[in-house]
Amino acid sequence: MSPLDARCLRRKLLEAQHEQTPVALCGGAFVSACAGGYYWWLTQQRFYLYWMLVAALVILSRLALYLCFAAWRRRQNGKAVESASWRHLHVAGFVAAALTWAIVGLYVEYSLPFADAAFIYVCLAGMVAGSVVSTASVSPRMFLIFSAITLLPLSLVLLISLEPQKIAMGLVCVGFFVFSLRSIYRIADIFEGFVASSVVNEQLLRELRQEQRQVLKLNEQLREDIEMRSRTEQQLRAQKQRAESLAEKLYALSSIDGLTEIPNRRYFDEHFTEEWSRALRVQSVLSLIICDIDYFKDFNDRYGHLMGDDCLKAVASTLDLHARRAGDAVTRFGGEEFAIILPGIGLQEACMLAEQMREAVMALGIAHTESRVSDLVTISMGVACTIPSKDARPDMLIQHADEALYRAKHQGRNQVVSAGAV
Ligand SMILES: Nc1nc2c(ncn2[C@@H]2O[C@H](COP(=O)(O)OP(=O)(O)OP(=O)(O)O)[C@@H](O)[C@H]2O)c(=O)[nH]1
């Protein structure tokens with residue numbers, strides 16, 4: 001038991017004794033009145049008057065002590081403060097009460113015959129027996145003080161009286177004292193055990209409440225942490241979404257040709273590889289057209305670069321208009337060259353589409369007086385087609401389309417040349 005608990009235990013024991021005080025005082029007052037009344041008519045009334053006044057004074061003093069202690073307890077508000085001085089005052093109260101009974105016992109013994117004195121023996125034995133209850137809660141020592149002062153002087157007088165009746169009574173008193181003393185130790189032990197375990201329980205309860213408060217505090221902290229974390233997660237998710245949409249926009253921007261607004265070479269490279277892989281997987285045809293504006297350098301020289309740009313835009317959107325199926329992609333391959341990816345289209349169909357495109361470009365009616373094949377802007381086109389195999393590489397189809405384009409240029413331009421099935 002900690003020093004704090006030991007102090008608490010002492011205080012609790014004192015409190016338990018304190019709670020017995022009203023009963024003890026009532027009992028004392030009642031027995032005093034009975035004894036005073038009984039002996040008033042048998043011997044000197046003056047002695048009993050004084051004795052009853054002293055007994056009343058002692059009872060009132062102990063009552064005042066009881067009230068003061070109760071007020072002090074209320075002020076302490078249940079704190080485990082040291083209470084040694086109160087204990088001493090309680091002991092003093094017991095000693096005073098014991099002395100009043102010892103005096104009356106001795107007085108009766110000396111002044112009255114045995115038969116009349118027997119009443120006081122009964123009273124004293126009753127007082128001692130009653131004090132077992134009120135003193136057991138504090139300490140056996142208290143009982144020892146009270147019963148020794150009350151009984152032993154009288155027992156001694158009885159034993160040395162040499163009268164058999166009195167000696168027998170003296171022995172009974174001593175025996176009563178000894179047996180009571182033995183019992184009080186047992187009762188005090190049990191009582192102290194109960195109070196000690198209640199003190200320990202209270203301490204445990206206090207610790208438990210403290211732990212509970214701590215756990216609640218930690219819970220609160222954890223809840224705040226979780227809320228903060230979920231807020232942060234939400235913010236991160238929103239930022240990630242923004243970053244992803246930004247990346248998509250950037251990717252789209254980086255895949256589009258700024259001038260013609262059709263997909264650029266970078267897009268071509270990625271998309272063509274994808275389509276190649278798909279065609280390889282499902283063993284379907286894949287066609288590629290590469291087309292080039294005829295005598296474009298001369299066009300630029302004649303009409304200037306800005307007109308050249310407009311021409312490129314017009315050609316690009318015309319080609320784009322003719323490749324509208326899902327998967328078709330008209331891209332700017334570089335300079336005045338365009339590449340058209342046509343998944344799932346055979347050579348013949350691709351050549352027909354290329355022819356339509358060529359005618360559509362001519363139909364734009366863009367004047368090109370410097371061209372040696374027409375007065376209008378024309379295009380030459382090379383078409384290649386394949387069903388990809390594991391041994392083949394995507395570059396090979398590009399190369400074949402390029403070679404076909406080369407032949408279209410050499411064969412007089414403004415025409416579609418097929419590379420044949422690769
Ligand atoms: N206005 C403009 N001209 C470009 C652009 N990109 C490339 N060119 C021009 O395209 C011309 C290509 O010329 P060449 O490669 O000599 O070919 P060509 O004159 O078209 O002759 P053939 O292809 O043999 O018919 C060059 O003069 C480039 O400056 C562009 O974005 N805008």
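# Report on a predicted model

Five bridges connect strand S2 to strand S3 (residues 337-343), and the two strands run antiparallel. S2 spans residues 329-334 and is mostly covered, with five of its six residues buried. Together S2 and S3 make a hairpin that has two residues between the strands. Gly335, in the turn of this hairpin, has a positive phi of about 55°. Across the pair, Arg332 stands opposite Phe338 of S3.

The model is a predicted one. Its protein chain has a mean pLDDT of 88, and 94% of the residues reach 70 or more. For the complex, the predictor gives an ipTM of 0.97 and a pTM of 0.53.

## The nonpolar core

Phe338 also belongs to the largest nonpolar core, which has 31 residues. Along with Ile293, Val315, Leu319, Ile340 and Met381, Phe338 is among the members that touch the most other members. Several elements each supply at least two residues of this core: strand S1 (286-293), helix H8 (296-322), S3, helix H9 (347-363) and strand S4 (379-386). The most comes from H8, which gives eight residues. As a general tendency, nonpolar side chains in soluble globular proteins are buried together.

## Loops on either side of S1

Two residues other than glycine have a positive phi, and they lie in the loops that flank S1. Gln283 is in the loop between helix H7 (265-282) and S1. Its phi is about 55°, although Gln283 is not a glycine. With a relative accessible area of 45%, Gln283 is partly exposed.

Tyr295 sits in the loop between S1 and H8, with a positive phi near 50°. Tyr295 counts as buried because its relative accessibility is 15%, and the cut-off for buried is under 20%.

## Annotated transmembrane regions

An unreviewed UniProt entry lists residues 21-41, 47-69, 89-108, 114-136, 143-161 and 167-185 under "transmembrane region". In the model, the span 89-108 is 100% helix and 0% strand, and its end C-alpha atoms lie 29 Å apart. The span 143-161 is 89% helix and 0% strand, with 27 Å between its end C-alpha atoms.

Gly37 is placed in helix H1 (residues 3-40). The C-alpha atoms of Gly37 and Met52 are 9.8 Å apart in space, while the two residues are 15 apart in sequence. Gly37 has a relative accessible area of 35% and is therefore partly exposed.

## Aromatic contacts

The structure holds 16 aromatic pairs. Two of them are set out below.

| Aromatic pair | Centre to centre | Angle between planes | Geometry |
|---|---|---|---|
| Tyr38 and Tyr39 | 4.9 Å | 85° | edge-to-face |
| Tyr48 and Tyr107 | 6.0 Å | 80° | edge-to-face |

The pair of Tyr48 and Tyr107 links distant parts of the chain, 59 residues apart. Tyr48 lies in helix H2 (residues 45-76) and Tyr107 in helix H3 (residues 84-111). Tyr48 counts as buried because its relative accessibility is 0%, whereas Tyr107, at 21%, counts as partly exposed.

In the pair of Tyr38 and Tyr39, Tyr38 has 33% relative accessibility, so it counts as partly exposed. Tyr39 has 0% and so counts as buried. These four tyrosines, Tyr38, Tyr39, Tyr48 and Tyr107, form one aromatic cluster together with Phe47 and Phe119.

## Arginines over aromatic rings

Two arginines lie over the face of a phenylalanine ring. Arg62 lies over the face of Phe94, at 4.7 Å from the ring centre. Arg265 is placed in the same way over Phe333, at 4.0 Å from the ring centre.

Definitions and conventions: Residues numbered from 1 in each chain as written. Heavy atoms only, no water. pLDDT = per-residue confidence, 0-100. Buried < 20%, exposed > 50% of the residue type's maximum accessible area, 1.4 Å probe, protein only. Helix = DSSP H or I, 4+ residues; strand = E, 2+ residues; numbered from the N terminus. Pairing = 2+ DSSP bridges. UniProt positions renumbered as here; feature names shortened; annotations may be inferred. Phe/Tyr/Trp six-rings, centres within 6.5 Å; stacked < 30°, edge-to-face > 60°. Lys NZ or Arg CZ within 6 Å of the ring centre and 35° of its normal. Core = buried A, V, L, I, M, F, W, Y, C linked by side-chain atoms within 4.5 Å.
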